[in-house]
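Let's take a walk through this fold, strand by strand, and then look at a few side chains along the way. Keep the viewer open as you read.

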Amino acid sequence: MLNNEAGTVVAEGPLVLVCDCPGGFAETMVKLYAPFALLASILVSIIVGLRAAPFPILFIAMVWTTASTIGNALARRSARKHGRFRIDLERGEIVQEGQGFSRTLDARALVHVATPVVAGVEGNAAEPGFEPRWLLIAMKNGEELRLGKGPAHALRPVVVFLREAGVPVQVNRG
């Protein structure tokens with residue numbers, strides 16, 4: 001149904017959809033940066049502790065540690081939106097497998113499916129009608145799950161499949 005660099009969507013049955021939407025570039029960069037920043041902070045702290053460097057340099061280590069912690073928290077929150085999803089409307093469950101976690105959600109908590117335009121430069125740079133859009137599931141608890149990304153015409157078969165399966169679809173214009 002959908003196969004591009006941002007993920008794949010395949011129908012495994014009349015009411016079963018499997019979506020693979022891996023995380024973005026920023027999450028990968030944070031995961032590479034965070035261990036380096038923490039190790040550098042520890043080394044700077046040891047050097048200051050041995051009095052081989054002046055005390056104010058310790059503030060640099062504190063900034064690195066803080067940035068690393070905040071970046072990890074943001075990347076973890078973003079990663080909860082991505083992953084491999086198995087939407088089984090017959091059984092009434094959504095199974096998500098992400099990096100380091102797996103969870104099962106109740107499909108009755110699904111509010112609607114939407115296709116908003118990707119925010120930022122990527123969404124503004126495209127030709128009208130071909131701007132990239134997210135295929136999102138909105139849950140009752142306010143959480144959004146990203147099933148895939150592509151122009152509206154590429155997402156259309158998936159949206160039609162979900163609509164025919166009885167899932168409410170919110171049409172996003174613009």
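Before we start, one bit of vocabulary: two strands are said to pair if DSSP finds at least two bridges between them. Also keep in mind that what you have on screen is a predicted model.

With that in hand, begin at β4 (83-88). β4 is joined to β5 (residues 93-98) by 5 bridges, and the two run antiparallel. For a register check, look at Phe85, which stands opposite Gln96 in β5. The hairpin made by β4 and β5 has 4 residues between the strands, and there Gly92 takes a positive phi near 75°. β4 also pairs with β3, again in the antiparallel sense, over 6 bridges. Here the residue to find is Asp20, whose bridge partner in β4 is Arg84.

Now move on to another part of the chain, where an open sheet of 4 strands is laid out in the order β9-β8-β7-β10, with mixed pairing. At its edges sit β9 (144-150) and β10 (169-170), each of which pairs on one side only. Where does the parallel part of the mix come from? β7 (residues 110-114) and β10 pair in the parallel sense, over 2 bridges, and Ala114 has Gln170 in β10 as its bridge partner. β8 and β9, by contrast, are antiparallel, with 6 bridges between them. In that pair, Ala138 is matched with Glu144 in β9. The β8 and β9 hairpin has 4 residues between its strands, and Gly142 adopts a positive phi near 90° there.

Is the edge strand β9 enclosed or open? 6 of its 7 residues are buried, so β9 is largely enclosed by the rest of the structure. Helix α4 (residues 152-164) lies across β7, β8 (133-139), β9 and β10, and runs at about 25° to β8.

That brings us to the packing. As background, nonpolar side chains in soluble globular proteins tend to be buried together. The largest nonpolar core in this model has 23 residues, and Leu17, Ile94 and Ile137 touch the most other members. β3 (16-21), β4, β7, β8, β9 and α4 each supply at least two residues of this core. Which element gives the most? That would be α4, with 6 residues. There is also a second, separate core of 5 residues, which includes Val48, Ala53, Leu58 and Ala61.

Leu17 deserves a closer look. It lies in strand β3, and with a relative accessible area of 1% Leu17 is buried. Setting aside residues up to four places away in sequence, Leu17 touches a list of residues that includes Met1, Val9, Phe85, Ile87, Val158, Phe161 and Leu162. If you want a long-range reference pair for your viewer, try Leu17 and Met139: they are 122 residues apart in sequence and 17 Å apart in space, C-alpha to C-alpha.

Next, the rings. A pair of aromatic rings is described by the distance of the centres and the angle of the planes. The count of aromatic pairs comes to 1. Phe55 and Phe59 have ring centres 6.0 Å apart and planes at 80°, so the pair is edge-to-face. Are these two rings buried or exposed? Phe55 counts as exposed because its relative accessibility is 53%, and Phe59, at 48%, counts as partly exposed.

Two arginines also sit over aromatic rings. The charged end of Arg80 is over the ring of Phe101, 4.6 Å from its centre. Arg146 lies over the face of Trp134, at 4.2 Å from the ring centre.

One last stop for anyone who checks backbone torsions. Arg51 has a positive phi of about 60° although it is not a glycine. Where is Arg51 found? Look in the loop between α1 (25-49) and α2 (58-79). At 77% relative accessibility, Arg51 counts as exposed.

Methods
Residues numbered from 1 in each chain as written. Predicted model: local features only at pLDDT ≥ 70, side-chain atom pairs only at ≥ 80, totals over all residues. Heavy atoms only, no water. Contact = heavy atoms within 4.5 Å. Axes fitted to C-alpha atoms, helices over the stretch in contact; angles between N-to-C directions. Core = buried A, V, L, I, M, F, W, Y, C linked by side-chain atoms within 4.5 Å. Buried < 20%, exposed > 50% of the residue type's maximum accessible area, 1.4 Å probe, protein only. Phe/Tyr/Trp six-rings, centres within 6.5 Å; stacked < 30°, edge-to-face > 60°. Lys NZ or Arg CZ within 6 Å of the ring centre and 35° of its normal.
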